[in-house]
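Please read the following alongside the sequence and the coordinates, moving from one chain to the next.

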Amino acid sequence: MSFPYEILQITILSLQISAIATGISLLIGLPLGTLLALGKFWGRSFFLSVVNTGMGLPPVVVGLFVAMMLWRSGPFGDMNLIYTPTAIIIAQTVISAPVVIGLTAAALQSLDPRLRLQLYGLGASRWQMIWALWREARLPLLAALMAGFGSVISEVGASMMVGGNIRNQTRVLTTAIVLETSKGNFEIAMALGALLLTITFLVNWALTWVQQRGED
Amino acid sequence: MNKDLITIKNLLIIRGKKEVLRVKKLSVQRGEVLAVVGPNGAGKSTLLLTLARLLEPNAGQMLFNGTPAQNTSDTVYRRKIALVMQDPLLFDLSVYKNVALGLEFRGASKSEIQEKVPLWLKRLGVADLAERRAKRLSGGEAQRVSLARALVLEPELLLLDESFSALDPPTRATLLDDLKPLLKNSKTTTLFVTHDLHEARKLATRMAVIVKNSLRQIGYADEIFNAPVDEDVAHFLGKD
Amino acid sequence: MKKTLITLLLLSLAISACASAAPSNPNIILATTTSTQDSGLLDFLVPIFEEQSGYTVQTIAVGTGAALKMAEEGNADVLLVHAPPAEQELMDAGFGLDRFLVMHNDFVLVGPADDPAAIGSLPSAGEALTSISSAQAEFVSRGDDSGTHKKERAIWSSVDLTPAWDGYIESGQGMGATLIIASEKQAYTMTDRATYLANQDNLDLEILLEGDEVLLNVYHVMTVEPDNWENINYEGALDFANFIISDETQALIKEFGVDKYGQPLFFPDADKTDADLGVE
C-alpha cells in the first residue's frame with residue numbers, strides 16, 4: 001500500500017459510497033417510514049415487522065444475495081455491475097434502507113398522535129402536515145440518518161463480496177483493513193482502523209451539531 | 001346574508017356498532033359564542049371533530065355559509081376554521097413560529113405574518129414570550145399561545161375543545177376574562193365544548209346540551225336552566 | 001435436569017482426560033494458510049491428531065503473511081505454510097525452531113476457455129505471464145502477500161516484468177473469492193490446484209497451464225521458537241509437526257481428495273529434501 005495517495009483514494013471512495021448509499025436510503029426511507037408510521041392500510045404491522053427484521057440484516061447475507069443477483073449467472077448479470085462501486089452502493093443501500101425506514105417510522109410514531117389533528121385543525125394540507133411532523137421529529141430523524149450511515153461505513157462483509165476489494169477500484173477502508181490484517185501488517189491495519197473511526201466520528205459530530213443546534 | 005354560519009341536520013355518527021352522536025338540528029349563528037355542554041363521554045368532542053371535518057359523519061347534512069360543506073375540499077374548508085384542543089399541542093419551535101404556523105399553511109406573505117403574529121401575541125398577553133421555545137412555557141402560557149395561534153387566523157369559526165379544563169382555576173379565570181372581550185370585539189363565531197357549566201355561562205350566550213350521545217336542547221342559558229327539555233338534561237344541570 | 005447435565009459434563013471431561021496421557025498444555029494454536037483450510041485437508045487431519053494425542057488444536061487460517069507474523073509475535077505455536085523463502089527468513093531471524101518439509105501441491109494458471117492470450121500452448125509459467133501481459137488481458141492477482149501471491153510475483157520478476165496495466169487487478173482476498181472474481185470477469189488467475197478443484201463447479205474457468213516446476217507449492221511445518229515468548233506450547237507444536245510428517249499421516253495426505261476429485265490434492269514429501277523439489 002502506497003502512502004498517502006492510495007489511502008486517500010480509499011478513504012474518499014469509502015465516504016462517497018457510504019454517503020450515496022445513505023442518501024438513497026434516506027430518499028427511500030423517509031417516505032416509506034412515514035407511510036408505515038402514519039398510513040392506515042392492511043398489513044401495516046406486518047410490513048413494520050419486516051422492516052424491523054431488516055434493520056438487523058447481516059451484511060454478508062445481503063452481500064451474498066446482491067452478488068447472486070449481479071453475477072454473470074444472475075438475473076442482472078448483463079448489467080456488468082459486480083465488482084464495481086455501484087454494486088457496493090446497491091448492497092449498502094439494502095443494508096441501510098431498513099434502518100432508516102424503521103427509525104423514521106419509530107420517530108414519527110413516538111409523536112403525540114393528536115398533533116396530526118391539531119395540524120389539520122390549523123389548516124395544514126396533507127403535505128404540510130407531514131412536513132411539520134418531520135420538523136417536529138427532526139432530532140430522531142437525524143439519529144436515523146446517523147444510524148444508517150453508521151451501518152454502512154463500518155460494514156465489511158457485503159463490500160468484500162460484491163465489491164471484490166479490488167485495488168484502485170473497489171477497495172474501501174473496511175476491506176483494506178481485512179486485507180492488511182491478512183497480510184500481517186497489523187500496524188497499517190490499526191492505522192486504517194483509526195482513520196475509519198475518526199471519519200465516522202467526524203461525520204457523526206457534524207450531524208450531531210446540526211441536530212443539537214438551538215438545543216439548550 | 002344568512003344569519004347562521006353553520007347548520008347541521010340529522011347528523012349521525014357511528015363508531016364500530018355504537019351510535020356516538022345524533023343531532024337532529026343545530027345552528028350556530030354568525031358572531032355568537034355557543035357552548036356545547038354535557039357530561040364526559042356524551043359526544044361533545046365528536047361534534048367538534050365533525051365540525052372540523054376530522055371525522056366523517058355516517059349521515060346528515062352540514063351547511064357552511066348556506067352551502068353544503070361537502071362542496072369544498074377538507075383543506076379548503078379547514079382553512080376557514082381554527083381548532084384549539086384541551087392540551088396546547090404546541091410544536092417544538094419558538095412561540096412566534098408556532099403562532100405563524102397556520103398563516104404559513106395558508107401561504108400568507110411574510111409581511112402579513114410579521115404584522116399579525118405580534119398583534120395576537122400581544123392581545124393574549126404573551127408578547128414578551130415570542131422568542132421562547134414553546135416547550136419552556138407554563139401550562140397557562142402555552143394555552144394562551146395556542147389560542148393566539150388559532151385567533152391569528154381570524155377564522156370564520158373557532159372550535160375550542162375543553163381548552164381550559166387542564167388549567168388551574170385562577171389561571172383559567174384570568175384567561176377566560178381576557179378571552180371574552182377578544183371574541184366579542186372580533187365577532188369570532190365560536191363553538192366551545194366544555195363539561196363545566198360555570199365556564200359555559202361565563203363565556204357563551206347560548207348553550208347546546210348533549211347527553212347520552214344526542215343533542216337534547218339548544219337555547220339561551222337561562223331558558224335551558226329554567227326549562228330543561230327532559231330528565232337527562234335536568235339531571236346534568238343539577239335540577240333533579 | 002441441570003444436575004444431570006453437569007454430571008454428564010464432568011463425566012465426559014473425565015473420560016477425555018483418561019483417553020490419553022494428558023499433555024501438560026493441551027491447547028495448540030496452528031497458524032496456517034487459507035488453502036489448507038479451504039481444501040478441507042486440515043478438517044480431515046486435525047481431528048485424527050486430536051484423537052491420538054489429546055491436544056486441542058485451534059486452527060487459524062490466514063494469509064501466509066499474517067501466519068508468519070503470528071509466529072514472529074508469539075501468537076501461534078506451530079505453522080503450516082507455503083512460502084519457503086519467507087519461512088527461511090523467519091528461521092534465520094530466530095523466530096522458528098524446527099522446520100520440516102511436509103508436502104506439495106501445485107499452482108495452475110486458469111482462465112476463460114477461449115484463452116485470449118493463448119497461454120494454453122506455452123511451455124512455462126513465465127512465458128504464459130509474458131503473453132498475458134503483452135495481450136493486456138485481464139488478470140486477477142491475490143494482491144494479499146499470501147504464498148500464492150508471493151509465488152506469482154516471483155514468476156513476474158523471473159521474466160523481468162512489473163504487472164501494471166488496466167486489466168491487471170488485485171483482489172486482496174482469499175483464493176476462493178479471487179477465483180470467483182476471475183470467473184466473473186473472465187480473467188486469468190493463478191491458483192493452487194486444490195482450491196480450484198474444490199470450487200470447480202461454481203467456476204467458468206479452465207486449467208490452461210500446469211506442470212511447470214516453478215509452479216510447485218511446497219508446504220513446511222514449522223515450530224515457533226519458544227525462547228522468545230513465555231507461553232509458547234513448544235511440546236505440542238513438536239508433537240503436531242511429528243504427527244504431520246509421520247508415515248501414517250503422509251499416507252493419508254496422499255489419499256486425500258482422490259475419492260472426490262479423482263486425483264490427489266497434495267503430494268507427501270516428508271521423505272524428500274527441499275533440493276528434490278527445486279526449493280532454494
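A patch, in the sense used here, is made of residues with over 30% relative accessible area and no salt bridge, with nonpolar side chains joined within 5 Å. In this predicted model, such a nonpolar patch lies on the surface of chain A, where I20(A), I24(A), I28(A), L32(A), L35(A), F41(A), F46(A), F47(A) and V50(A) together offer about 760 Å² of accessible area. Two elements of chain A, α1 (5–38) and α2 (44–54), each give two or more residues to the patch, and α1(A) gives the most, with five residues. One of the patch members, L35(A), is placed in helix α1 of chain A, and this residue counts as partly exposed because its relative accessibility is 46%.

Chain B can be described as a whole. Its secondary structure comes to nine helices and ten strands, and its C-alpha trace spans about 50 × 40 × 40 Å along the principal axes. A compact globule of 240 residues would have a radius of gyration near 18 Å, and chain B, at 18 Å, therefore agrees with that expectation. Of the 240 residues of chain B, 55% count as buried, while the chain exposes about 10,700 Å², of which carbon and sulfur atoms supply 49%. Among the contacts in chain B with a separation of 6 or more, 67% are accounted for by residues 24 or more positions apart.

In chain C, N231(C) sits in the loop between β9 (216–224) and α10 (234–244), and N231(C) counts as exposed because its relative accessibility is 63%. Although N231(C) and D77(C) are 154 residues apart in sequence, their C-alpha atoms are 9.0 Å apart in space.

Notes
Residues numbered from 1 in each chain as written. Chains lettered and ligands numbered in written order. Predicted model: local features only at pLDDT ≥ 70, side-chain atom pairs only at ≥ 80, totals over all residues. Heavy atoms only, no water. Patch = residues over 30% accessible without salt bridge, like charges linked within 9 Å, V, L, I, M, F, W, Y side chains within 5 Å. Areas by Shrake-Rupley, 256 points an atom, 1.4 Å probe, with all protein chains shown as cover. Salt bridge = Lys/Arg side-chain N within 4 Å of Asp/Glu carboxyl O. Helix = DSSP H or I, 4+ residues; strand = E, 2+ residues; numbered from the N terminus. Buried < 20%, exposed > 50% of the residue type's maximum accessible area, 1.4 Å probe, protein only. Rg over C-alpha atoms; globule rule 2.2 N^0.38 Å. Contact = heavy atoms within 4.5 Å.
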